[in-house]
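Work through the exercises below with the sequence and the model side by side. Try each task before reading its solution.

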Amino acid sequence: IPAQYGDASGGVIGNLRTLPGVSNGEYQKSQQAKMTRNPTTFNFTVSEPYDIPSDGSDYVVDLQSFSLDADYLYQAVPKMEEHAYLTASLTDWEKLSLRNGSAGIYYEGTYMGETYLNVEAAGDTLQISLGKDEDIVIKREEIISKEDVKLVSGNKEETFHYRITIRNNKQNKIKLSITDQYPISANDDIKVKEIEESSGKVDGESKLIKWEIDLNPSEEKELDLKYRVAYPKNKIINLY
């Protein structure tokens with residue numbers, strides 16, 4: 001069942017549109033349709049008929065509208081891509097009888113494209129991707145130092161220092177989750193020493209680092225990631 005989701009800045013999700021396969025045409029006025037459940041299907045009884053031109057075009061029919069509160073979180077993995085993506089988390093979504101399908105995304109009154117609504121994989125919370133936001137500026141750069149490479153007891157020690165800069169150019173405060181990672185050595189001759197992660201939380205097994213930060217309008221923050229890798233001087237290492 002296709003769905004339309006509303007303005008992400010206001011904490012409201014709405015406008016479920018339940019005509020499969022419709023991609024364009026005029027929007028008709030919204031009305032409430034009575035829904036009844038069967039063992040394997042849902043039936044919608046439209047109380048007031050629609051006039052749909054027989055011109056071969058596709059038209060969208062509104063069957064139900066509803067509003068839900070949503071928690072919004074920006075997520076970013078700057079090592080992979082220097083963009084922040086907004087997600088909306090919904091609770092009590094089960095009572096809406098949603099089904100898997102395409103969902104049109106409207107963000108701050110602008111159509112952003114489509115996402116896929118996978119309710120079968122959702123638990124107590126349904127997460128919906130709302131796309132990337134160009135107003136969240138993220139940069140990850142390597143900091144170079146003259147002391148980055150040393151020779152110690154036949155081993156080469158190389159220090160890696162990365163700085164992640166985040167700036168909120170929006171008019172409202174945001175929550176942002178940043179993810180990075182310490183390298184994991186699969187060779188006993190290669191040792192990784194964790195030095196700094198700017199108060200990020202490190203998972204002991206995966207070595208994933210997560211920062212949960214709040215950014216006020218026009219605020220900028222810097223996060224530092226620093227580690228040292230020791231390996232035989234006659235070897236060449238590749239870090240991913």
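**Exercise 1: the aromatic cluster**

The charged end of Arg140 sits over the ring of Tyr162, 4.1 Å from its centre; a charge counts as sitting over a ring if NZ of Lys or CZ of Arg is within 6 Å of the ring centre and within 35 degrees of the ring normal. This is a predicted model, in which local features need pLDDT of at least 70 and side-chain atom pairs count only at pLDDT 80 or more, while totals for chains, interfaces and linings use all residues. Residues are numbered from 1 along each chain as its sequence is written, and side-chain values use heavy atoms, with hydrogens and water left out.

Task: Find which residues form one aromatic cluster with Tyr162, and describe how the rings of Phe160 and Tyr227 are arranged.

Solution. Step one is to name the members, which are Phe160, Tyr162, Tyr182 and Tyr227. Step two is to recall that rings of Phe, Tyr and Trp (its six-membered ring) pair if their centres lie within 6.5 Å, with planes under 30 degrees apart counted as stacked, over 60 as edge-to-face and the rest as tilted. The structure holds 3 aromatic pairs. In one of them, the centres of Phe160 and Tyr227 are 5.4 Å apart and the planes stand at 25 degrees, so this pair is stacked. Because Phe160 belongs to strand β13 and Tyr227 to strand β18, the pair ties together parts that are 67 residues apart in sequence; strands (E, at least two residues) are DSSP runs, numbered from the N terminus. Both Phe160 and Tyr227 are buried, a word that stands for under 20% relative accessible area, whereas exposed stands for over 50% and partly exposed for values in between (1.4 Å probe, protein chains only). Step three turns to Tyr182 and Tyr227, whose pair is edge-to-face, with 6.0 Å from centre to centre and 85 degrees between the planes. Here Tyr182 lies in the loop between β14 and β15 (191-196), and the two residues are 45 residues apart.

**Exercise 2: a threonine in β13**

Task: Decide whether Thr159 is buried or exposed, and identify which side chain makes a polar contact with the side chain of Thr159.

Solution. Begin with the location, since Thr159 is placed in strand β13 (residues 155-168). Its relative accessible area is 11%, so Thr159 is buried. The polar contact (a pair of N or O atoms within 3.5 Å; within protein, one must be able to donate a hydrogen and the other to accept it, and residues adjacent in sequence count only if both atoms are side-chain atoms) joins the side chain of Thr159 to that of Arg228, at 3.5 Å. Finally, when neighbours within four places in sequence are left aside, Thr159 is in contact (heavy atoms within 4.5 Å) with Asp148, Ile195, Lys226, Tyr227 and Arg228.

**Exercise 3: an unusual backbone angle**

Task: State what sign phi has in Ser199, and where Ser199 is found.

Solution. Start from the general expectation that most residues other than glycine have a negative phi. Ser199, although not a glycine, has a positive phi of about 65 degrees. Ser199 is found in the loop between β15 and β16, and because its relative accessibility is 76%, it counts as exposed. A further case is Asp92, where phi is near 60 degrees, again a positive value in a residue other than glycine; Asp92 lies in the loop between β7 and β8 (101-107).

Definitions and conventions:
Helices (H or I, at least four residues) and strands (E, at least two) are DSSP runs, numbered from the N terminus.
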